[in-house]
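This report sets out the confidence, overall features and selected backbone details of a multi-chain model. The sequence and coordinates are shown first.

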Amino acid sequence: MKPDRSWTPYLFVAPAFLAFAFVVLIPALLNTGLSFMDWSGTNDMIFVGFDNFTRAFRDDIYLTAYRNTFGYIAWTLVLEVFVGLVLAGLVTVKGRKTGFYRIAFFVPIMLPMVVVAVLWSFVYSDDIGLINTALRGIGLGDLALVWLGNPATALIAVSVVSGWIYAGFYMAIFYAALQRIPANLIEAATLDGASQWRIFFFIKVPMIRPIIEIAVLLCVTGAFQSFDLFYVMTNGGPDHATEIVTTYLVEVVFRFQNLGYGAALATIMTIVVVALGLVFTRIRSRSGGIDIEY
Amino acid sequence: MMSPRVNSVVFHTVLTVASLFFVLPLVWMVVSSFKTKREIFDSPFSLPTTLDFSVWTSAWERGDLGVYVVNSLITTTASVAGILVFGLLAAYAFSRFRFRFSKWLLLPFALGLLLPVQSYLTAQSRLFDAFYILDTRWALILPYVGLGLSLAVFLLKGYLDSLPHELFEAARIDGAGDFRMLVQIVFPLMRPGLATVATFSILSCWNEFLLAMLYIQDDGLRTIPIGLLAFTGKYSTDYPTLFAALSIITIPMIGIYVIFHRQVINGITEGSVH
Amino acid sequence: MAQLTIRKRLVAAAAIGVTMALAVSGCAPSSNADVVIRIAMGSSGDAVDSKFDELKQIYEAKYPDREVEIIIQEDDVYQTTGLPTLLSSREAPDAYFEWSGPRMRSHVADGNGADVSEYLSGDAFAGRFDEGAFTGMDVDGSGTYMVPWTGDVTDVVWYNKTIFDDLGLEVPTTWDEFMDVCDAIKESGVTPIVEGNKDQWTVGNWASHIVSRVIGEESYAQTMVGDAPMNSPEMVDALGYIAQLAKEGYINDSVNALADDEANTQFFLGKAAMIVIGSWLMADAETDGDGLDFDYFNTPALDGVGDQESVLGISTGFMVNEKSEHIQETIDFLALVASAEGTKLWAEAGLAPMTVDPFAGVDADERTVSLATLMSTAPTVVAPADSGYDIEVAAAFYDAVANVIGGGDVQDALDTAEKRVEEIR
């Protein structure tokens, strides 16, 4: 449609664009520039070329942060997306009333991260925590590890909490998608004598593949944006076992006051995230998933 | 194949156990707030001896929780209003008008969806500092609006794209100007879309943590997430008070969710899938 | 249809108007007083925080056209991101809490710290401080950049007297005796030492002390600014003591997951016999003490070249913001903090003020008094790594310590730390 006056579209777009530019675009550009500087926020800015970047690649904490982030992605793909899919399958079993369960699964998403983090810190606590007390109560005291204090278990522990929060979310997404599958297709399969299980895995799941792919993308990009939970529960500890890129970034910038280095770390992370996004879209279009229009 | 009766029992048991996993920690938190510190320490699973709500009132007062709630209300309302108004205007323009540079102006919003806020956090904080915005409400409202616009613009544009051509043609023939079309035709039809964006934005703003922590130092301006964090720092070993405060904040939220669960779930899932 | 439109527009306009009004209301609040001064600090616990409220009342009564805004943040936040953000905001504080040493000096370098030596030698503070109180508060040997407040002994070993008496144990004077004591306690089924090392400074500070005792104060200072290697054989020796605690099981399993105040609570509830933490435990004891009978002893003598009688401690004070527009009013407030009246408040709250005769007229706990004496009569006072020296180097060191107390290998941990320090240099 052609606008009334040629400038109306620009007028309409202006507020959003200006706000967005001030908050996202300009900082993003500034940040890229800042990555080539050495600055503590108050002293003079010194141009240091690629020094910050070379330092980043030698920084064992930074590299560990990536390892942890990818570990976290792997765990959450299982604990959030896969579990969400299974739950979605369960609540869509034919002829069952499952409304109550769906509400229950979704509750944790409402909560502020602080509440979740504090609550689960207690659940995991070695001294007053639910898990260890229960384990000792039934005689499995040996299994009562210091979940958040042991570098070997800390990341998994935090991932489980993440799963607790978001499994319901993915369940809801898949549930909505499953609801839209034409009923006659399911009817046909049931009449053929297939069990609920087979129907689910061999018919329903493939039909919602595009949604599953989006879910995977959300999970991966979400992992990179994760901060709140890690910061409050462990702040990267113990000994950097749960240090992810974002927590380290915040520490470098706001605790060590090393703004140039922090900006460089952010720039590298941006490149990684964008690259992942591009790879994902490339794979998707290459494999040519059948987009079923409901 | 198992008989339907056994099947049903097994089915509901499995799902009940699963639900318990999601709900139990919260129940434990509320229950524990009625115990004493020693009771919590010595026997985490026991039930409280009394239902003493005074812990709750003292937590509210000592922690000044009212201030945090008010701040969250103000910040969230202002931000969501901004997102809806600016987002609708922009989406309308992008969707219905052909104008030069429209693709270029739209592209940054796509980038905004992908980028984690930490990518530009450092520079953003310096920028705010230069404009003396830090430690004011604007330090949160502006970023919340900016960040929320990416999703809002795309979501609303999606809804707008699906509106039939003829609707606008007819209005144009009737002599309607661009703005009138927006208000008289688009706005009434966009209610579900706006509701979706609103739900999503309200939840994000209400629970936002990182920026609230870094940009606000004045205790009088703190929003709920950071207020709670400060509270946990101050009373971290006063377990009953701590759990009471967490319960006070959480229970209303869950209550609202349970009542509006259909809208909430729809809003959030729509928002993410597009 | 036209009606609806107009109403809709009105509603929209009203909504936007209300929003803007609300948002604007978030801008600088107005106050009735002519002068408002802002004092910032991290929380030292309820007992102390409420004393500042009292002081505010006293000040405002004395100067009716002035108002004091006390800004108290969670202490971990204040130390890391809080204070820097406050200082760079539009309403930066006029005075703020700091530890003496490098942290103070970096504020001066940033233009946020004023030289207050003139005021200190003037009437406002006459007779309140001994010369010794200003040690560590200078920059390159000249000037004084803070008004002293408290002297914190950062680490002593607090012990549960009841448990000691029950087991017939005596306060150890050497590390070997200390290990024997731990062994006896462990045999009896009680956790010997509880530490909450989640934020790494509790055991880190103690390790700082141990290192300075073993390799000497000079070497320690050099290492903590990155001028000497982290992984030298002497450093490995020093951290061996920490490793011993982990190996023998004398420290709680949850050491790296537990927060410092949770550890305090466990000590007060009698779950462990000892805890190594600073003098501020006394302030905690006021509210959480639960009637525990406890006392302290300084870290026992180690096999090393440092002063085995040294005390790990640091002085604190309030810095005046050079950019403040109300320096005189701020000085007046700080004079009140340091006055006899103010000193009484701090002593009552369980702190050790640095003024002359800090406990006059106060029924202070004898442990608080003896700690203050310990600090002021110590032959050597060593500052902990994270307050006294380079924060990034300290972070690498504290990482290594956390690793070792969690059961890691000392050489590996220190090698990693040295690698990181190399990047920082």
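The account below moves from conventions and confidence to individual chains and two residues.

**Conventions and confidence**

The model is predicted, so that local features need a pLDDT of at least 70 and side-chain atom pairs count only at pLDDT 80 or more, while totals for chains, interfaces and linings use all residues. Residues are numbered from 1 along each chain as its sequence is written, chains are lettered from A and ligands numbered from 1 in the order in which they are written, and side-chain values use heavy atoms, with hydrogens and water left out.

The model has an ipTM of 0.82 and a pTM of 0.80. For chain C the mean pLDDT (the predictor's confidence in each residue, from 0 to 100) is 85, and 92% of its residues reach at least 70. Elements here are DSSP runs numbered from the N terminus, with helices being H or I of at least four residues and strands E of at least two. Among the elements of chain C, the lowest mean pLDDT, 49, belongs to helix α1 (residues 2–25), and the highest, 94, to strand β6 (residues 191–194). Two stretches of chain C fall under 50. Residues 1–8 of chain C stay under 50 and have 5 contacts (heavy atoms within 4.5 Å) beyond four places in sequence. Residues 22–30 of chain C are also below 50, with 12 contacts in the model beyond near neighbours in sequence.

**Chains A and B**

Chain A contains 13 helices and 2 strands, and its C-alpha trace spans about 75 × 75 × 35 Å along the principal axes. Of its 294 residues, 57% are buried, where buried means under 20% relative accessible area, exposed over 50% and partly exposed in between (1.4 Å probe, protein chains only). Among contacts in chain A with a separation of 6 or more, 67% join residues 24 or more positions apart.

In chain B, an automatic or database assignment gives domain 1 (4–49) and domain 2 (63–234). The centres of these two domains of chain B, taken over C-alpha atoms, are 38 Å apart.

**Positive phi values**

Two residues other than glycine have positive phi.

| Residue | Phi | Loop | Relative accessible area |
|---|---|---|---|
| N235(A) | near 50° | between α11 (228–233) and α12 (245–255) of chain A | 38%, partly exposed |
| F101(B) | near 70° | between α4 (65–96) and α5 (102–114) of chain B | 48%, partly exposed |
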